[in-house]
Amino acid sequence: MSKSAWIMGGFLVATLGADLAVAQSQGEPGSIYTCVDRNGRRLTADRPIPECLDREQRELSPSGVTRRQIGPSLTEHERAAQEAQRRREAEEQARIVEERRRERVLVARYPDKAAHDAERTAAIHLVNEVTATAEKRIAELKQQRKGFDVEMEFYKKDPNKAPMTLRRKIAENEDSMAEQQRFISGQDQEKRRVHQRFDTELAQLRKLWDAQRPAAASVGPAANSTAPAATR
């Protein structure tokens, strides 16, 4: 056999092997594919039908029994839309899992209303302590201002003749007073935020506590029925 003939023979064997692999990947041996194209024609072939890639095809055995149904091939736009839908579903599932985890943590932290009320009280107490510190500072500034006012009595007729250091101290006192007032106002807002957070949590906890009660009630009688009788 010549070298060129040997190469040609190898090429044919390789080509036939590739065709066989493709045919096996497309379906079982002897499969018949059938569909109705967009023009209403029923088509039949021994491999998936290109004219019906946008619609459902059936793969039949030689005896005519349906082996499987092949869904329509998606366009690039359709595949992108499908992938986006899958991502949204996965994100929603992850959100639900995280929400359930947070609910379990919340119930473990607050098994009843008394525990929740106690932490609310502690949180408000911290805000009140900070506010009390600011109010104490305001009282000190007011007392300091009284001393400055006594000094200013000497310049009542012409305040512009007061020493610059005294006027600067009065200005600093007024600025500090305004700052403490703003701080106290901010603490009032913080107290409202704390109450709002605990009110929101309490509404959620009531639902979670109510959901636990039927489960606990159903477990109780079963546990009692299996408990051994007390001996006299």
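The following dialogue examines how several features of this predicted model are identified and named.

User: What makes the contact between Arg47 and Asp46 a salt bridge?

Analyst: The side chains of Arg47 and Asp46 meet at 3.6 Å, N to O. A salt bridge requires a side-chain nitrogen of Lys or Arg within 4 Å of a carboxyl oxygen of Asp or Glu, so the pair qualifies. The structure holds 19 salt bridges, this one included.

User: Why is Asp46 called exposed, and why is Arg47 called partly exposed?

Analyst: Asp46 has a relative accessible area of 58%. The value for Arg47 is 44%. Exposed means over 50%, buried means under 20%, and partly exposed lies in between; therefore Asp46 is exposed and Arg47 is partly exposed.

User: How do you know that Arg55 and Asp54 meet in a salt bridge, and why do they count as partly exposed?

Analyst: The distance between the side chains of Arg55 and Asp54 is 3.2 Å, N to O, and the cut-off is within 4 Å, so the term applies. Arg55 has 25% relative accessibility, and Asp54 has 36%. Both residues are therefore partly exposed, with values between 20% and 50%.

User: What makes Lys113 and Asp117 a salt bridge, and where do these residues lie?

Analyst: The side chains of Lys113 and Asp117 meet at 2.7 Å, N to O, which satisfies the limit of 4 Å. Both residues lie in helix α3, which covers residues 113–152, and they are 4 residues apart, about one turn of the helix. An α-helix has 3.6 residues a turn, so residues three or four places apart point the same way. Lys113 is partly exposed at 35% relative accessibility, and Asp117 is partly exposed at 27%.

User: Why is His116 called buried, and what does its side chain contact?

Analyst: His116, which is placed in helix α3, has a relative accessible area of 0%. Buried means under 20%, so His116 is buried. The side chain of His116 makes a polar contact with the side chain of Glu201 at 3.0 Å; the cut-off for such a contact is within 3.5 Å.

User: How do you know that the reach of helix α2 is close to what is expected?

Analyst: Helix α2 covers residues 76–109 and has 34 residues. From its first C-alpha to its last, helix α2 reaches 49 Å, close to the 50 Å expected at 1.5 Å a residue. The buried residues of α2 are Ala84, Glu103, Leu106 and Val107. Glu103 also belongs to a network of salt bridges that links Glu92, Arg95, Glu99, Arg100 and Glu103.

User: What makes Cys35 and Cys52 a disulfide, and why is the disulfide called right-handed?

Analyst: The sulfur atoms of Cys35 and Cys52 are 1.9 Å apart. A disulfide requires two cysteine sulfur atoms within 2.5 Å, so the pair meets the criterion. The torsion about the S-S bond is about 75°, so the disulfide is right-handed. Cys35 lies in strand β1 (residues 32–36), and Cys52 lies in the loop between β2 (42–45) and β3 (57–60), so the pair ties together parts that are 17 residues apart in sequence. Both Cys35 and Cys52 are buried. A search of the whole structure finds 1 disulfide.

User: What makes β2 and β4 edge strands?

Analyst: The 4 strands form an open sheet in the order β2-β1-β3-β4, and the pairing is antiparallel. Each of β2 and β4 (66–70) pairs on one side only, and they are called edge strands on that basis. Neighbouring strands of the sheet are turned by 20° against each other on average, direction ignored.

User: How do you know that β3 pairs with β1 and with β4?

Analyst: Two strands pair if there are at least two bridges between them. β1 and β3 are joined antiparallel over 3 bridges, and β3 and β4 by 4 bridges, also antiparallel. Both counts therefore satisfy the requirement. Glu59 in β3 is the bridge partner of Tyr33, and the partner of Glu59 in β4 is Arg68. Arg58 has Gln69 in β4 as its bridge partner. β3 and β4 form a hairpin with 5 residues between them, and Gly64 in the turn has a positive phi of about 95°.

Notes
Residues numbered from 1 in each chain as written. Predicted model: local features only at pLDDT ≥ 70, side-chain atom pairs only at ≥ 80, totals over all residues. Heavy atoms only, no water. Buried < 20%, exposed > 50% of the residue type's maximum accessible area, 1.4 Å probe, protein only. Helix = DSSP H or I, 4+ residues; strand = E, 2+ residues; numbered from the N terminus. Expected span 1.5 Å × (residues − 1). Axes fitted to C-alpha atoms, helices over the stretch in contact; angles between N-to-C directions. Polar contact = N/O pair within 3.5 Å; in protein donor to acceptor, adjacent residues only side chain to side chain.
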